Amino acid sequence: MNKLKWWQKTNVYQVYPKSFLDTTGSGTGDIKGITAKLDYLKTLGVGAIWLTPVYPSPMVDNGYDIADFTGIDPSYGTMADMERLIAEGRKRDIRMVMDLVYNHSSDKHPWFIDSASSRESEHSDWYIWRDAKPDGSAPTNWRSIFGGSAWTWCEGRQQYYLHTFAEAQPDLNWENPAVRQALYDAANFWLDKGVGGFRIDAIVYIKKPAVFADGKPDSDDGMVNIHSMIANTPGILDYLHEFKEKVFKGHDIFTVAEANGVAPEDLDKWVGEKGAFDMLFEFSHVNLEFPDGELWSHATGYTPKVITGLKQALTASQQATAKNGWYPVFFENHDQPRCTAHYFPADADKKLAAKAIATVLMTMRGTPFIYEGQELGLDNVAWNNINDYNDISSKGQYFLALEEGRSPAEAMELVHRYSRDNARTPMQWTKEKNAGFSTGKPWLPVHEDYARQCVEGEAQEADSVLSYYRQLAALRQTGEAAGVLQQGTYMELLRENPAILAFKRHFGCREVYTLVNFTGREQAYVLPELKEARLLMESIPGSRKGMLRPYEAVLYIKETGEGL
Ligand code: GLC
């Protein structure tokens, strides 16, 4: 096997800067706060930090609406702060990974302001403009991902512009070579600053179909989710390969693209030597409650089928990346609710649930992505009123659910379960006021349970989720299991078992076995090959072979005697 690259051996940590650490008392996190916590992140085996956007932004979608692709938002600090973060990171072997949000910009970006000013402007065709239908209505019945029409009328041009997401996030016109070049230049600007990679946002939407036509409505609002109309339009790969050629190629960095809807069997066209990126975030294992698109009101909620769905999705992704590309293992990010609520029944022991997911995350084949707070086992929040929420998507989905006849209480339940704010509450550092996140008023309320789950407390407790993550990180990077965990093959075990997720990793003369019980009942299993295996780690002291207690996770190691 080829020698692994640095980013295949490390753990990546995703920082949501607004909620990480506020060093000024403003109530929002900042870049200096990230620099202050690099040593903490080192204890989790972190070699790269994915920074969700820190560019100048009106913050309609918390930074995913960018007004300047090569600047730093003053609320986060200055370019000098950013340069210092990159330098301090490098001293510790931690590289910064920037989020490239290139499907759209903010409507306050100078390009859009100019484009909207007249059809003759310099940036006239930098965005996607269309005339109204003869009756004056929007060009198509596409619903934006955050709810409402994907078209907004512009008085200045007497035309509609397209936005896959919010009205304040107009889609850029990738057909225009000048647009593409400007975006590549911005990415190269960050390479020159010394960043270690890119996470590429919403990339499946950049190529639009040649003809814009109405789709079959999928909800009572008469609209159709834009995703089903424009995602992965043929021809998109040409752009992605050009992107690689003009930006990524030849640099010792990694790229991971957010690619919702790329089927696992298509992964090889997107990743690996011949693909445009190193890794893809695909969402089959986190969208298990959304069988028909991403309408919250159509979600199934938790059912035991989540377990089999998860097993199938993970194995499919592992198989798809076995020979080509590399898998970014993740269960949380800033768009997902907390995983402790997601894959387990409501009455599950949350600490064990968090450890169960940690075990899978850190022992699968691929690069583990830990989302801020996941290492503490943080849980969802449930605020009373939709106005207590900040997330633009939660509001859109709430009102759509009402439109579909749900009562306000039912719609709020959906918000509690699926809101992206669940994962965006401030990081919990200490038992002090505001969890040590800020001396000011936090932009989003701190989780009320913060004194029980914070870095300060969990670092002292041997059986905390944080200690468990640290042990797993050490196991993955040093010691007898490291080689297997980093580069071993993956083989699913107990495939037909509806309660246990199990797999074997193999490299050289060693095997590591992962076994996790996703249910609240004891589960017996038969795996004769475990006979000569030794216990490597357990989430509950006193584990026994052949039996898993509720939500228990165990790792075994075995010498096979057959080296490579
Ligand atoms: C991606 C981001 C999400 C954002 C959206 C629009 O899905 O992860 O947070 O709202 O793109 O940029």
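In the classification used here, Ala, Val, Leu, Ile, Met, Phe, Trp, Tyr, Cys and Pro count as nonpolar, Asp, Glu, Lys and Arg as charged, and the others, Gly among them, as polar. The structure is a predicted model in which local features need pLDDT of at least 70 and side-chain atom pairs count only at pLDDT 80 or more, whereas totals for chains, interfaces and linings use all residues. Residues are numbered from 1 along each chain as its sequence is written, and side-chain values use heavy atoms, with hydrogens and water left out.

The shell around the ligand divides into four nonpolar, three polar and seven charged residues. Of these 14 residues, each with a heavy atom within 4 Å of the ligand, Asp 61, Asp 201, Glu 258, His 334 and Asp 335 come nearest. Polar contacts, taken as pairs of N or O atoms within 3.5 Å, link ligand oxygen atoms to the side chains of Asp 201, at 2.9 Å, of Arg 420, at 2.9 Å, and of Arg 199, at 3.0 Å. The protein covers 96% of the 310 Å² of accessible area that the ligand has on its own, as computed by the Shrake-Rupley method with a 1.4 Å probe.

The ligand sits in the largest cavity, in the sense that more than half of its atoms lie within 2 Å of the cavity's grid points. A cavity is here a set of points, on a 1 Å grid over the protein atoms alone, where a 1.4 Å probe fits but cannot get out, and lining residues have an atom within 4 Å of a point. Two cavities of 30 Å³ or more were counted, and the largest has a volume of about 700 Å³, a volume being the space filled by probe spheres set on the points, which are joined across faces, edges and corners. Its lining comprises 43 residues, with Ile 145, Asn 260, Glu 294, Asp 335 and Arg 420 nearest the centre. Helices H11 (339-342), H13 (392-403) and H14 (408-418) each give two or more residues to this lining, helices being DSSP runs of H or I with at least four residues, numbered from the N terminus; H13 gives the most, with four.

The largest pocket, an open set with protein on both sides within 12 Å along at least five of seven lines, has a volume of about 730 Å³. Lys 5, Trp 7, Gly 272, Glu 273 and Asp 278 are the closest to its centre among 27 lining residues.

Definitions and conventions:
Polar contact = N/O pair within 3.5 Å; in protein donor to acceptor, adjacent residues only side chain to side chain.
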